[in-house]
Amino acid sequence: MVFVMMVAGGFFGGALEAAAEQSDEPIPDAVTLDGVLREVPEAHETWEITEMQIRQSQARRREVLGLLLPQVNMSANLTRRGGELDETEISGRALQPRYDWGVGATASVTVFDGPRYFDYWQADVMVDATEQSAAWQRRLLRLEAELAFFTLAAAQREVEIADAAIQWRQTYLEQAQALVDAGMAVAVDVSRARSQVLEAEQASLEAEAVRGNAADNLATLLGRAPDGSLQVDFDPASEGPEMREDAESITEGRADFMSRRSMIVASEFAERGVWWGLLPRVDFSINSQYGAVTAFNADPFRWSMGLSATWNLYDGGARYARADALQAQIIEQELELERDLREANVQVVQALREWRSAGAAIVVAKEQVEVAEETFEMVSARFESGLATSLEVSDASQELLNAELRLNQVRLQARLAEVRFRYLEEME
């Protein structure tokens with residue numbers, strides 16, 4: 001019989017194989033994983049945002065450094081006195097001229113300012129902290145891009161499975177109708193087959209919606225319009241990287257924890273700067289003035305220089321309060337770092353466990369697909385011989401479809417777990 005030959009040959013499996021062969025062909029305008037990882041830095045705002053954060057941190061360091069360098073100021077003044085003036089002169093010079101003018105220049109430099117030195121060192125460390133934080137934010141962006149890429153690849157595969165199910169169930173409907181016309185089956189078989197076609201079409205619509213959402217997520221990361229049309233060129237059935245045997249313990253060498261440690265060092269500089277404020281601030285300045293000649297100022301050019309020391313001996317206890325607050329902040333930051341470091345190690349171990357579990361699940365899911373295919377072929381042959389009902393055929397076909405979907409899902413879980421593990425452990 002034609003029906004037995006088609007069913008026994010596993011036309012559902014053949015439809016899936018045909019869909020897989022089609023997926024192996026290059027997809028027009030589809031993106032690859034390497035292309036996504038190259039495009040994300042150029043398209044996503046996070047990259048530029050981190051650049052601006054680094055720029056602000058560097059500007060702050062330059063600002064603090066500028067306060068330690070010599071300062072030069074210029075000034076000019078012109079005064080006109082109103083009313084009646086006494087034009088009394090001494091040696092030909094007016095006591096109080098109607099117009100008084102002058103220009104001046106001042107150059108000063110801080111010879112010693114303990115807190116300001118620590119402000120500069122703090123700003124310098126904060127530049128390192130910002131750069132390390134930016135590196136981690138960019139790494140997380142690439143992680144998000146890889147997760148979105150593999151999610152879309154799995155969603156595309158699920159659409160292929162759903163479309164293949166429509167094809168074979170439509171074929172089953174036509175065969176059931178032919179058997180009814182030949183008096184070899186009952187009308188309920190046709191109704192059941194038609195119901196399965198509608199269910200497959202509904203599943204296809206749902207799978208397409210999931211694929212569209214996954215495409216929009218990836219398109220957003222790439223700075224493209226989220227119109228659901230983005231596709232990826234990737235075979236979810238391809239083998240992933242070799243599984244790791246164990247996870248290395250995360251240390252403060254990871255970029256985000258390096259940033260945290262730098263911030264703690266910056267807080268320590270701030271605390272030490274408070275106590276250095278007990279020492280005097282020493283300034284050196286040179287002043288010059290050129291202006292109108294009067295009876296009291298015979299020389300139009302005048303200059304002076306001076307050295308000053310300033311102590312802040314008592315400020316109502318504000319200095320001690322700032323130091324206490326900074327010390328508490330340092331302790332808090334160190335405790336948070338220790339806590340988050342421990343949690344990060346747990347996350348890496350969990351990611352590796354999920355990767356191993358998904359890898360083992362793939363083996364089981366493949367066997368389930370093989371068993372489901374064999375069961376479907378046997379039940380179909382028994383149905384043709386009159387030893388099984390169409391309900392048994394329907395159940396067997398549904399098991400085969402479910403097995404294919406489970407295999408696709410565990411492959412996705414393995415990929416996502418591997419990516420999370422690799423990025424959390426900061427493996428290049």
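**Exercise 1. The nonpolar cores**

In this predicted model, find which residues have the most contacts inside the largest nonpolar core, and which elements give two or more residues to this core.

Solution. Start with the core itself: it has 29 residues, and Phe376, Val393 and Leu407 have the most contacts inside it. Next, assign the core to elements. Two or more residues come from each of helix 5 (114-181), helix 6, helix 8 (318-384) and helix 9 (390-424). Another core lies apart from this one; it has 26 residues, including Ala145, Ala148, Leu221 and Leu412. As background, nonpolar side chains in soluble globular proteins tend to be buried together.

Now take Leu407 from the largest core. With neighbours within four places in sequence left aside, Leu407 is in contact with Ile362, Ala365, Lys366 and Val369.

**Exercise 2. Gln196 in its helix**

State where Gln196 lies, decide whether Gln196 is buried or exposed, and list which residues Gln196 contacts beyond its neighbours in sequence.

Solution. First, the place: Gln196 belongs to helix 6 (residues 187-221). Second, the accessibility: Gln196 has a relative accessibility of 3%, and buried means under 20%, so Gln196 counts as buried. Third, the contacts: outside the four places on either side in sequence, Gln196 touches Arg169, Tyr172, Ser394 and Ser397.

**Exercise 3. Helix 6 against helix 9**

Describe how helix 6 and helix 9 pack, using the angle and the distance between their axes.

Solution. Two packed helices are described by the angle between their axes and the distance between the axes. For helix 6 and helix 9 the angle is about 15° and the axes are 10 Å apart. Angles under 35 degrees count as roughly parallel, so helix 6 is roughly parallel to helix 9. The crossing of these two helices is right-handed.

Then name the residues that meet. Helix 6 brings Asp189, Arg192 and Gln196, and helix 9 brings Ser390, Leu391, Ser394 and Ser397. Sorted by class, this contact of helix 6 with helix 9 has one nonpolar, four polar and two charged residues.

**Exercise 4. Two partners of helix 5**

Work out how helix 5 packs with helix 9 and with helix 3.

Solution. Begin with helix 9. Helix 5 and helix 9 pack at about 170°, with axes 10 Å apart. Angles over 145 degrees count as roughly antiparallel, so helix 5 is roughly antiparallel to helix 9. The contact of helix 5 with helix 9 has 16 nonpolar, six polar and 10 charged residues.

Continue with helix 3 (residues 33-43). Helix 3 and helix 5 pack at an angle of about 145°, and their axes are 10 Å apart. The crossing of helix 3 and helix 5 is right-handed. On the helix 3 side, Leu33, Val36, Leu37 and Val40 meet Leu141, Arg142, Ala145, Glu146, Phe149 and Phe150 of helix 5. The residues of this contact comprise eight nonpolar, no polar and two charged.

**Exercise 5. Ser262 and Leu278**

Classify Ser262 and Leu278 by relative accessible area, and give the place and the contacts of Ser262 and of Leu278.

Solution. Ser262 is in helix 7. Its relative accessible area is 12%, so Ser262 is buried. Residues up to four places away in sequence not counted, Ser262 touches Val125, Asp128, Ala129 and Gln132.

Leu278 sits in the loop between helix 7 (255-276) and strand 5 (281-291). Its relative accessible area is 38%, so Leu278 is partly exposed. Apart from neighbours within four places in sequence, Leu278 is in contact with Trp311 and Arg319. Finally, Leu278 and Gly114 are 164 residues apart along the chain, and 8.6 Å separates their C-alpha atoms.

Definitions and conventions:
Residues numbered from 1 in each chain as written. Predicted model: local features only at pLDDT ≥ 70, side-chain atom pairs only at ≥ 80, totals over all residues. Heavy atoms only, no water. Helix = DSSP H or I, 4+ residues; strand = E, 2+ residues; numbered from the N terminus. Buried < 20%, exposed > 50% of the residue type's maximum accessible area, 1.4 Å probe, protein only. Contact = heavy atoms within 4.5 Å. Core = buried A, V, L, I, M, F, W, Y, C linked by side-chain atoms within 4.5 Å. Axes fitted to C-alpha atoms, helices over the stretch in contact; angles between N-to-C directions. Parallel < 35°, antiparallel > 145°, perpendicular 65-115°, else oblique. Left-handed = near helix turned anticlockwise from the far one by under 90°. Nonpolar A, V, L, I, M, F, W, Y, C, P; charged D, E, K, R; others polar.
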